Amino acid sequence: MDSAEYERKIAARFATFDQDGSGYIDREDFSAAAKAVLAEFGTTARSDKGQAVFAGAEAFWQGMAGIADVDGDQRVSREEFITGAAKRLRDNPDRFAEIARPFLRAVIAVADEDGGGATPPNAARVLRVLGTAPELATQVAEALDADRDGRISEDEILAAFAGYCGVEAPDA
């Protein structure tokens, strides 16, 4: 991968987390993501599932801040993301996926409307409310169902997330 492609991919990862487009990733971005998912599925914030999504979002934010907020200002700049989070994503994408596990698990529970696991259409709904273009959201959601059983497991989502986050450096 050349340097320009690497920068493009890192910028896309940053934009995914920067939900409000402020140029920083902060706690509010994670809270906004939680609110968007809950609203999409008509789940109240005070419900057990709603509380789990907010707690997962907070844990995800704390993990992100812990690896990338170098100056301690409670926000992650694009530069901090590239030099901190992105490097750690490359070095250990599985660890980064583990930081996301509580949030992903809670989102799966909200998107699992019948107790059998999240379906690709519901996963696409989640992706869309988190900012993925509709046509891409459907394609990605279908690909998440790696075993093609019509349900997306936590392990399938974590593996995909680790892969998405594990961007190789241009000289790797």
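User: What makes the lining of the largest pocket nonpolar, polar or charged in this predicted model?

Analyst: The residues of that lining divide into 21 nonpolar, four polar and one charged. Ala, Val, Leu, Ile, Met, Phe, Trp, Tyr, Cys and Pro count as nonpolar. Leu-127, Leu-130 and Phe-161 are among the lining residues that lie nearest the pocket centre, and Leu and Phe are on the nonpolar list. Thr-16 and Thr-132 also lie nearest the centre; Thr is on neither the nonpolar nor the charged list, so it counts as polar.

User: How many residues line the largest pocket, and which elements do they come from?

Analyst: The lining has 26 residues, and the pocket holds about 800 Å³ of space. Two or more lining residues come from each of α1 (3–17), α2 (27–40), α5 (93–111), α6 (120–129), α7 (134–144) and α8 (154–165). With five residues, α5 gives the most.

User: Why is α6 called largely enclosed?

Analyst: Because seven of its ten residues are buried, α6 is largely enclosed by the rest of the structure. Buried means under 20% relative accessible area. The residues of α6 that meet this are Pro-120, Asn-122, Ala-123, Ala-124, Arg-125, Val-126 and Leu-127. Leu-127 is also one of the residues nearest the centre of the largest pocket. Just after α6, Gly-131 takes a positive phi of about 110 degrees.

User: How do you know that Gly-56 is buried?

Analyst: Gly-56 has a relative accessible area of 2%, and the cut-off for buried is under 20%. Gly-56 is therefore buried. This residue sits in helix α3. Leaving aside neighbours within four places in sequence, Gly-56 is in contact with Pro-102 and Phe-103. Its C-alpha atom is separated by 9.2 Å from that of Ile-99, 43 residues apart along the chain.

User: Why is Gln-74 called partly exposed, while Arg-148 is called exposed?

Analyst: Exposed means over 50% relative accessible area, and partly exposed lies between that and the 20% limit for buried. Gln-74 has 42%, so it is partly exposed. Arg-148 is at 57%, so it counts as exposed.

User: What is said of phi at Gln-74 and Arg-148, and where do these residues lie?

Analyst: Gln-74 is not a glycine, yet it has a positive phi of about 65 degrees. Gln-74 belongs to the loop between α3 and β2 (75–77). Phi of Arg-148 is near 55 degrees, again a positive value in a residue other than glycine. Arg-148 belongs to the loop between α7 and α8.

User: What makes a set of residues the largest nonpolar core, and which elements supply it?

Analyst: A nonpolar core needs buried residues of the listed kinds joined through side-chain atoms within 4.5 Å. The largest such core has 45 residues, and Phe-17, Ile-25, Phe-60 and Met-64 have the most contacts inside it. At least two core residues come from each of α1, α2, α3 (48–68), α4 (78–91), α5, α6, α7 and α8. The most come from α5, with eleven residues. In soluble globular proteins, nonpolar side chains tend to be buried together.

User: What are the totals for the whole protein?

Analyst: The secondary structure comes to eight helices and two strands, running α-β-α-α-β-α-α-α-α-α from the N terminus on. Of the 172 residues, 43% are buried. The protein exposes about 8,600 Å², and carbon and sulfur atoms supply 52% of that area. Among contacts between residues at least 6 apart in sequence, 63% join residues at least 24 apart.

Notes
Residues are numbered from 1 along each chain as its sequence is written. This is a predicted model: local features need pLDDT of at least 70, side-chain atom pairs count only at pLDDT 80 or more; totals for chains, interfaces and linings use all residues. Side-chain values use heavy atoms; hydrogens and water are left out. On a 1 Å grid over the protein atoms alone, a cavity is a set of points where a 1.4 Å probe fits but cannot get out, and a pocket is an open set with protein on both sides within 12 Å along at least five of seven lines; lining residues have an atom within 4 Å of a point. Grid points are joined across faces, edges and corners, and a volume is the space filled by probe spheres set on the points. Helices (H or I, at least four residues) and strands (E, at least two) are DSSP runs, numbered from the N terminus. Buried means under 20% relative accessible area, exposed over 50%, partly exposed in between (1.4 Å probe, protein chains only). Contact means heavy atoms within 4.5 Å. Accessible areas come from the Shrake-Rupley method with a 1.4 Å probe; for residues, only the protein chains shown count as cover.
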